[in-house]
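Student: Before I accept the labels attached to a model, I would like to hear the reasoning behind each of them.

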Amino acid sequence: MLMITAFTVLLGFCSATTFKVGDSDGWTAKDDKYHGWAEGKEFNVGDSLLFEYDHNFNDVVPVIRLDYDLCQSSFAEAVYKTGHDVVTLTKPGHHYFISSNPARCRSGQKLDVHVLGDELGELEFKLNPMTESLHSPWKSQVTISSGSSKQETMDCLTMWLRKFQRFGLGLA
């Protein structure tokens, strides 16, 4: 079984595809263009996204779902600014990208890509939910269950931690 899984993963990387975001228009502010662009495509672990744009006026910021919805880039861990950025999709799930310019993001320069991957692992997660509490002083109040996806849980925890940071409280 392990050999079959390893072979499948390697085969996926060998047949990786590079998708030019926005096709001939590239990465630019357009009314909900990227939702339609991504909708008909199948993205797999190992595939890449090519963002082409004018680096003098634009950038690409990978964000979590909450920041995608709010068009907020202040908590981003990376910002791409070359005008020819290639982002490899290394794990399954949703990947979110926005322009750091909130007006551009609100006008549609944002992308949600659903990456296919380890469906067996996702099924196992749904059948055997994690119910062990996180290590924190609020151990009995913060649990992860199968009621939400891993990404939704991380976004919720991130939002919760940001609330503490705003009040000058940190978790050690």
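Tutor: The exchange below goes through the labels one by one, for a model that is predicted.

Student: What is the overall make-up of the chain?

Tutor: The chain holds six helices and seven strands. Read from the N terminus, the order of elements is α-β-α-β-β-β-α-β-β-α-β-α-α. Of the 172 residues, 30% are buried. Among contacts with a separation of 6 or more, 66% are between residues 24 or more positions apart.

Student: How many disulfides are there, and what makes the pair Cys71 and Cys105 a disulfide?

Tutor: A search of the whole structure gives one disulfide. The sulfur atoms of Cys71 and Cys105 are 2.2 Å apart. The cut-off is 2.5 Å, so a pair of cysteine sulfur atoms within that distance is called a disulfide. Cys71 and Cys105 therefore qualify.

Student: Why is the disulfide of Cys71 and Cys105 called left-handed?

Tutor: Because the torsion about its S-S bond is about -75°. The pair links distant parts of the chain, 34 residues apart: Cys71 is in the loop between helix H3 (65–70) and strand S5 (84–88), and Cys105 is in helix H4 (residues 102–106). Both cysteines are buried.

Student: Why is Asn58 called buried?

Tutor: Its relative accessible area is 10%. Buried means under 20%, so Asn58 meets the condition. Asn58 lies in the loop between strand S3 (48–52) and strand S4 (61–63).

Student: Which residues does Asn58 touch, and what joins its side chain to that of Gln109?

Tutor: Not counting residues up to four places away in sequence, Asn58 touches Trp27, Thr28, Tyr53, Ser99, Arg104 and Gln109. The side chains of Asn58 and Gln109 are joined by a polar contact of 3.0 Å. The limit for such a pair of N or O atoms is 3.5 Å, so the distance passes.

Student: How many salt bridges are there, and how do you know that Lys20 and Glu52 form one?

Tutor: The count comes to two salt bridges. For Lys20 and Glu52, the closest N and O atoms are 3.1 Å apart. The rule asks for a Lys or Arg side-chain nitrogen within 4 Å of an Asp or Glu carboxyl oxygen, so the pair counts. Lys20 in strand S1 (residues 18–20) and Glu52 in strand S3 are 32 residues apart, and the pair links distant parts of the chain.

Student: Are Lys20 and Glu52 buried, exposed or partly exposed?

Tutor: Lys20 has a relative accessible area of 29%, and Glu52 has 26%. Partly exposed is the class between under 20% and over 50%, so both values fall there.

Student: What makes Asp69 and Arg65 a salt bridge, and where do they lie?

Tutor: Their side chains meet at 3.1 Å, N to O, and the limit is 4 Å, so the pair is a salt bridge. Asp69 and Arg65 both lie in helix H3, four residues apart, about one turn of the helix. Asp69, at 42% relative accessibility, counts as partly exposed, and so does Arg65, at 36%.

Student: Why is Lys91 called exposed?

Tutor: Its relative accessibility is 52%. Exposed means over 50%, so Lys91 belongs to that class. Lys91 is in the loop between S5 and strand S6 (93–98). Leaving aside neighbours within four places in sequence, Lys91 is in contact with Val45 and Val115. The C-alpha atoms of Lys91 and Gly46 are 8.0 Å apart, with these positions 45 residues apart along the chain.

Student: What makes up the largest nonpolar core?

Tutor: That core has 18 residues, and those with the most contacts inside it are Val21, Trp27, Trp37, Phe43, Leu49, Phe51 and Leu111. Helix H2 (33–39), S3 and strand S7 (110–116) each supply at least two of its residues. Apart from it lies another core, of seven residues, including Val61, Tyr96, Ile98 and Cys105.

Student: How confident is the predictor in the chain?

Tutor: The mean pLDDT is 76, and 59% of residues reach 70 or more. Over residues 9–13 the pLDDT is below 50, and this stretch has three contacts beyond near neighbours in sequence. Over residues 128–148 the pLDDT stays under 50, with 27 contacts beyond four places in sequence.

Terms used. Residues are numbered from 1 along each chain as its sequence is written. This is a predicted model: local features need pLDDT of at least 70, side-chain atom pairs count only at pLDDT 80 or more; totals for chains, interfaces and linings use all residues. Side-chain values use heavy atoms; hydrogens and water are left out. Buried means under 20% relative accessible area, exposed over 50%, partly exposed in between (1.4 Å probe, protein chains only). A polar contact is a pair of N or O atoms within 3.5 Å; within protein, one must be able to donate a hydrogen and the other to accept it, and residues adjacent in sequence count only if both atoms are side-chain atoms. Contact means heavy atoms within 4.5 Å. A nonpolar core is a set of buried Ala, Val, Leu, Ile, Met, Phe, Trp, Tyr and Cys residues joined through side-chain atoms within 4.5 Å. pLDDT is the predictor's confidence in each residue, from 0 to 100.
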